[in-house]
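Student: I've got a model open and would like to go through it piece by piece. Can you take my questions?

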Amino acid sequence: MSTSVFDMFTVGIGPSSSHTVGPMRAAARFVARLADSGELPRTASVRVELFGSLGATGHGHGSVKAVVLGLAGHEPHLVDPVAADPMVADVRAEGRIRLGGTHEITFAPDDDVVLHRNRRLDFHSNGMLLQAFDDGGAVLDKREYYSVGGGFVLDSDEAGRPVLVEDATPVAHPFTTGDELLGLTRTHGLSISDIMLANELSRRTEDVVRSELLHIWSVMQECVERGARTGGTLPGGLKVRRRAMALRERLEAATGEPDALHAMEWVTLYALAVNEENAAGGRVVTAPTNGAAGIVPAVLHYAERFLPGFDDDSVVRFLLTAGAVGVLFKENASISGAEVGCQGEVGSACAMAAAGLAEIMGATPEQVENAAEIGIEHNLGLTCDPVGGLVQIPCIERNAVASIKAITAARMSAHGDGMHHVSLDTAITTMRETGADMQDKYKETARGGLALNIVEC
């Protein structure tokens with residue numbers, strides 16, 4: 001089994017991969033399960049219960065909306081973000097929903113989606129319980145699901161397995177650690193992107209791999225474009241102003257010789273644009289999560305604008321390398337803020353972006369691994385404390401800062417020889433252990449840190 005680059009980069013909607021994309025997928029899976037078992041026509045009502053972090057921040061993270069959309073048969077990569085809110089409003093107003101788009105039942109989101117703010121299921125803090133009942137109130141089906149980060153969803157049968165993505169396809173160069181990955185590059189004389197591409201070719205042709213990665217890049221570009229040209233305030237009670245458009249206008253209007261940090265201003269713009277779109281429920285690429293969705297696109301845009309020779313091949317190599325690093329985090333630690341704090345989201349994305357940039361700058365595999373290690377090492381201990389349960393403060397600015405960190409990490413590694421004291425594997429292990437030691441209030445519950453100390457207006 002091996003995690004694919006296309007598991008690390010998926011198209012969805014904001015504001016949260018674990019709280020929006022995951023619950024939508026879980027709800028859709030439950031309805032599909034009812035259809036497959038023949039119980040859907042007998043279903044008269046459905047009840048959804050959200051636990052742990054999902055229950056604590058479900059409204060701010062759009063979890064209730066996501067459940068409604070999933071029950072109605074919508075998928076994160078296909079649902080129209082503009083039409084999503086009106087669709088949910090119609091269900092709330094009419095008190096009815098078409099499960100899977102076909103079977104109509106009574107359904108009141110405010111009553112039939114229950115948020116348990118102080119309870120959690122054993123396996124993971126992002127737990128869900130979905131139940132279907134017949135017209136006499138008897139249970140037709142009951143299933144637990146867990147949104148484990150990045151939009152990945154496990155049911156109760158899958159919980160606890162060492163590999164979270166079910167794919168039994170044998171790959172050319174299997175690896176589970178950074179040391180194994182580097183060993184493969186030395187043995188075969190290949191770059192990290194070459195190793196990842198060879199593995200992807202076990203599932204798809206090279207033309208398909210290339211076209212799908214370039215599609216992911218096009219969605220990132222569209223997201224930056226929308227975010228950079230949309231003003232106003234973000235939804236939610238914080239009334240956070242969107243800043244990307246004003247920054248774009250200032251940068252484009254600037255005259256004279258730019259200062260030495262001109263490139264960093266553009267990086268900030270790219271990251272703000274993506275994460276403002278994410279906070280508004282727009283279409284983004286989960287990379288590897290929605291809360292950290294701005295980092296990889298910002299660094300890729302930096303490369304497009306400021307690196308000579310940037311082309312489609314650069315995009316493919318960047319994303320393959322970043323995906324390989326993301327696999328290491330996914331399989332050896334976590335990318336879930338509810339499980340390990342924001343070090344698992346922004347930290348992993350920073351490492352992925354740093355590695356991807358180093359790769360297309362011509363770094364050796366050892367330098368690429370060093371870049372990734374720097375990226376995560378200097379995000380260790382980062383808490384997830386969203387103010388008001390919204391993916392806005394500190395999430396939006398945090399992506400901009402981490403994007404610049406990633407560029408710094410790549411450039412630092414390129415000036416070295418790949419030799420360093422702390423390995424990427426050691427840093428990932430440390431992240432996992434730090435997350436286990438971190439108090440739950442700092443893990444996407446909006447009960448600690450900034451979320452506790454900022455008064456909502």
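What follows is a run of questions and answers on this structure.

Tutor: First, some ground rules: this is a predicted model, where local features need pLDDT of at least 70, side-chain atom pairs count only at pLDDT 80 or more, and totals for chains, interfaces and linings use all residues. Residues are numbered from 1 along each chain as its sequence is written, and side-chain values use heavy atoms, with hydrogens and water left out.

Student: Which residues does UniProt list for "domain: Serine dehydratase beta chain"?

Tutor: That name comes from an unreviewed UniProt entry; positions are in the numbering used here, feature names are shortened, and annotations may be inferred rather than shown by experiment. In the model this stretch is 38% helix and 26% strand, with its end C-alpha atoms 22 Å apart. Helices (H or I, at least four residues) and strands (E, at least two) are DSSP runs, numbered from the N terminus. The record's range is residues 4–157.

Student: And what are the helix and strand percentages over residues 188–451?

Tutor: UniProt, again in an unreviewed entry, annotates that range as "domain: Serine dehydratase-like alpha subunit". Its end C-alpha atoms sit 49 Å apart. The chain there is 61% helix and 2% strand.

Student: How many residues of helix 4 are buried?

Tutor: Buried means under 20% relative accessible area, exposed over 50%, and partly exposed in between (1.4 Å probe, protein chains only). Helix 4 covers residues 63–71 and is largely enclosed by the rest of the structure. Among its buried residues are Lys65, Val68 and Leu71. The count is nine of the nine.

Student: Why do the buried residues of helix 10 line one face of the helix?

Tutor: The buried residues of helix 10 (residues 244–253) are Ala244, Leu247, Arg248 and Leu251. Looking down the helix axis, they line one face because they fall within a limited arc, taken from the directions from the axis to the C-beta atoms. On the other side, Arg250 and Ala253 are exposed. The arc in question is 100 degrees.

Student: Which helices do those buried residues of helix 10 pack against?

Tutor: Here contact means heavy atoms within 4.5 Å. The packing partners of the buried residues are helix 9 (206–228) and helix 11 (262–279).

Student: Which residues is Gln221 in contact with, leaving aside its neighbours within four places in sequence?

Tutor: Gln221 lies in helix 9 and is partly exposed, at 27% relative accessibility. Gln221 and Tyr270 are 49 residues apart in sequence and 9.3 Å apart in space, C-alpha to C-alpha. The contacts of Gln221 are His301 and Glu304.

Student: Is Lys239 buried or exposed?

Tutor: Lys239 is found in the loop between helix 9 and helix 10. Its phi is positive, about 55 degrees, although it is not a glycine. With 58% relative accessibility, Lys239 is exposed.

Student: What about Glu444, buried or exposed?

Tutor: Glu444 has a positive phi too, near 60 degrees, in a residue other than glycine. It lies in the loop between helix 18 (424–437) and helix 19 (450–453). At a relative accessible area of 3%, Glu444 is buried.

Student: Where is Pro394, and what is omega for the peptide bond from Ile393 to Pro394?

Tutor: Pro394 sits in the loop between helix 16 (365–377) and helix 17 (395–414). The bond from Ile393 is cis, with omega near 5 degrees.

Student: What is omega for the cis bond that joins Ala287 and Pro288?

Tutor: Pro288 lies in the loop between strand 9 (283–286) and helix 12 (295–306). The cis peptide bond joining Ala287 to Pro288 has an omega of about -5 degrees.

Student: Why is Cys384 not bonded to Cys342?

Tutor: A disulfide is counted when a pair of cysteine sulfur atoms is within 2.5 Å, and the count comes to zero. Cys395 is in no disulfide either, as its nearest cysteine sulfur, that of Cys384, is 6.2 Å away. Cys384 is buried at 8% relative accessibility, and Cys395 is buried at 14%. The sulfur of Cys384 is too far from that of Cys342 for a bond, at 5.4 Å.
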